[in-house]
Every structure is written in structure tokens, then in C-alpha cells.
Amino acid sequence: MRYVLHFASPASPPQYDANPIHTLKVVTVGTMNMLGLAKAKGATFLLASTSEVYGDPLVHPQPETYWGNVNPIGPRGCYDEAKRAAEAFAMAYKRAHSVDTRIIRIFNTHGPRMQVSDGRAVPNFMAQAIRGEPITVYGDGSQTRSLCYISDLVRGVILNLERGDELPVNLGNPHEVTVLELAETIVRLAGSKSKIEHRELPVDDPKQRQPDITRARKLLGWEPEVPLEEGLKRTLDYFRSVV
């Protein structure tokens, strides 16, 4: 066995809101079990962590050296804090048992085969636009996200296995857009007549999300290649086939 890749976890707020205990277990106990497997087999272990370890950041863009601003007892804590604990597990196994570990902090990513009911912005907006339903934007839409297309992310994962070290690496697109801009872009690309409707902002929803990918550029020679609109068109083609 050469690699143990630990990607298991709900990744959207509706999913981990519905399963907070399972989320905590799969990301903490699951990480410990997978690290034990990697240790036993002499395999390289890769943890799929998340930009959510930065919480609602007070530093922008977010470098790997930023420790974050996370609410441990809020509704997102089951996911955010579990991922932070998982990173601590990985570092502990590296230091105590010399397990060859990798940590990638994945920022917002989209692409074909996302669940229609996923609950995150891109699936929500696309399904609503295709159906001609109102586009639900939480808050005033000024909060920002940085969207990476799946093929770019996969390429970064592979490069990190080949060239990475034990310290976290941000993988995401540094091109930042507001949620309102994203909604309007998807409506335009879909040729939809959907209107924007604003809803109350969820608790602890991050106001800004943009990766500093300096470390990925230097260590891995990686940066995203697929422009935002091109990636959205590819994802939209898939959603048209399933909605």
C-alpha cells in the first residue's frame, strides 16, 4: 500500500448540520484510524482538510500560517473543529511515529457530480436557475468566495503527494468573487429568468474566503488553470443533465 487518502466527511453545512456527531467521528476517530493504517503499511497519508479551519477569518487572504477564528460551540463547530483536530492528529503521527503525512486545505471547489441538494452556493444557484426558481442569496451577498474547478484541485492533490511535505498547503483559486456576483453570473450563463431573493445570513457564515497560494506555487509548482466562467459552464452542463 503506497497511499492512504482520507477524504471522508460531509462537506456542506446542511449535511453536517444534519449529522454533527457522525461528522465529528469520521473526521477525528476516522483520521486516527487511517493514520494507524498508514503507519502499519508504511504508506503516505493525505488528509483532506478545509479552508473552514480558518473560520470567519480576520486575515485576508488566508495563508497557512494563520491560526484561524473559529467558534468551537457554534453550529459549524462539528466540522471546523474536527478538521482542526484531524490536522493535529496528522502532525502528531508525523512527530511521534514518523508517518509520511500531507495536509491539504481545500477551498471552495465545484464540478460535475456534485449533489443537487448539496446546499452550497454553486449547486443551489445552478439548480434554482435551471428550474427558474428564485436564487436564494444569504445576507446581502457581499460575502466572498474563491471557486476552484475540480480538475485543478485533483492536479494539486497529486502534486502534493509527489512533492509535498507534512505542513498544510492551501489548494484553491485566489480569484475572489462576491456571492451576489456568483449568483448573477450563474443566472446569465444558464440563460435563466430567475430573480435574486435575499435570506437571513446563517450563523458564523464566513465573510471572506480567499486562499493565499504562495506556498502551493513554490512547493508544488501549482496554481489553478481553469477560469471561473469556464469551470462554471462545465459544471452547469452537468446540472442541466440531472435537474
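Q: Is the crossing of helix 4 and helix 8 left-handed or right-handed?
A: Keep in mind that this is a predicted model. Here helix 4 covers residues 121-131 and helix 8 covers residues 228-242. Their crossing turns out to be right-handed.

Q: How do helix 4 and helix 8 lie relative to each other: roughly parallel or oblique?
A: Two packed helices are described by the angle between their axes and the distance between the axes. For helix 4 and helix 8, the axes are 10 Å apart and the angle is about 55°. That angle is neither under 35 degrees nor in the 65 to 115 range, so the two helices are oblique.

Q: How many nonpolar residues does the contact of helix 4 with helix 8 have?
A: On the helix 4 side you'll find Val-122, Pro-123, Met-126 and Ile-130. They meet Leu-232, Thr-235, Leu-236, Phe-239 and Arg-240 of helix 8. Sorted by class, there is one polar residue and one charged residue, and the nonpolar count is seven.

Q: How does helix 2 lie relative to helix 3: roughly parallel or roughly antiparallel?
A: Helix 2 spans residues 20-41 and helix 3 spans residues 77-97, with axes 9 Å apart and an angle of about 15° between them. Anything under 35 degrees counts as roughly parallel. So helix 2 and helix 3 are roughly parallel.

Q: How many charged residues are in the contact of helix 2 with helix 3?
A: Helix 2 brings residues including Thr-23, Leu-24, Val-27 and Lys-39, while helix 3 brings residues including Tyr-79, Lys-83, Phe-89 and His-97. By class, this contact has 13 nonpolar and five polar residues, and its charged residues number two.

Q: Is Thr-23 buried or exposed?
A: Thr-23 sits in helix 2. Setting aside neighbours within four places in sequence, Thr-23 is in contact with Ser-9, Pro-10, Tyr-16, Cys-78, Tyr-79 and Ala-82. Its relative accessibility is 0%, and the cut-off is under 20%, so Thr-23 counts as buried.

Q: What order do the strands have in the open sheet of four strands?
A: Strands of a sheet pair through backbone hydrogen bonds, either parallel or antiparallel. In this open sheet the pairing is parallel. The edges are strand 1 and strand 8, each pairing on one side only. Reading across the sheet, the order is 1-2-3-8.

Q: Which residue in strand 2 is the bridge partner of His-6?
A: Strand 1 (residues 3-6) runs parallel to strand 2 (residues 44-50), and four bridges join them. Val-4 has Phe-45 as its bridge partner. For His-6, the partner in strand 2 is Leu-47.

Q: Which residues of strand 1 point to one face and are buried?
A: In a regular strand the side chains alternate between the two faces of the sheet. Strand 1 does just that: Tyr-3 and Leu-5 point to one side and are not buried. The buried ones, pointing to the other face, are Val-4 and His-6.

Q: Which residue in strand 8 is the bridge partner of Ile-103?
A: Strand 3 and strand 8 run parallel, joined by four bridges. Both faces of strand 8 are covered: Pro-168 and Asn-170 on one side, and Val-169 and Leu-171 on the other, are all buried. The strand 8 partner of Ile-103 is Pro-168.

Q: Where is Pro-61, the residue after the cis peptide bond from His-60?
A: Most residues other than glycine have a negative phi, and most peptide bonds are trans. The bond from His-60 to Pro-61 is cis, with omega near -10°. As for its place, Pro-61 is in the loop between strand 2 and helix 3.

Q: Is Ser-98 buried or exposed?
A: Ser-98 lies in the loop between helix 3 and strand 3. Although Ser-98 isn't a glycine, its phi is positive, about 60°. Its relative accessible area is 60%, and over 50% is the cut-off, so Ser-98 is exposed.

Q: What is the relative accessibility of Arg-113?
A: Arg-113 also has a positive phi, about 80°, without being a glycine. Its home is the loop between strand 4 and helix 4. Arg-113 counts as exposed, at a relative accessibility of 73%.

Notes:
Residues numbered from 1 in each chain as written. Predicted model: local features only at pLDDT ≥ 70, side-chain atom pairs only at ≥ 80, totals over all residues. Heavy atoms only, no water. Axes fitted to C-alpha atoms, helices over the stretch in contact; angles between N-to-C directions. Parallel < 35°, antiparallel > 145°, perpendicular 65-115°, else oblique. Contact = heavy atoms within 4.5 Å. Nonpolar A, V, L, I, M, F, W, Y, C, P; charged D, E, K, R; others polar. Buried < 20%, exposed > 50% of the residue type's maximum accessible area, 1.4 Å probe, protein only. Pairing = 2+ DSSP bridges. Left-handed = near helix turned anticlockwise from the far one by under 90°.
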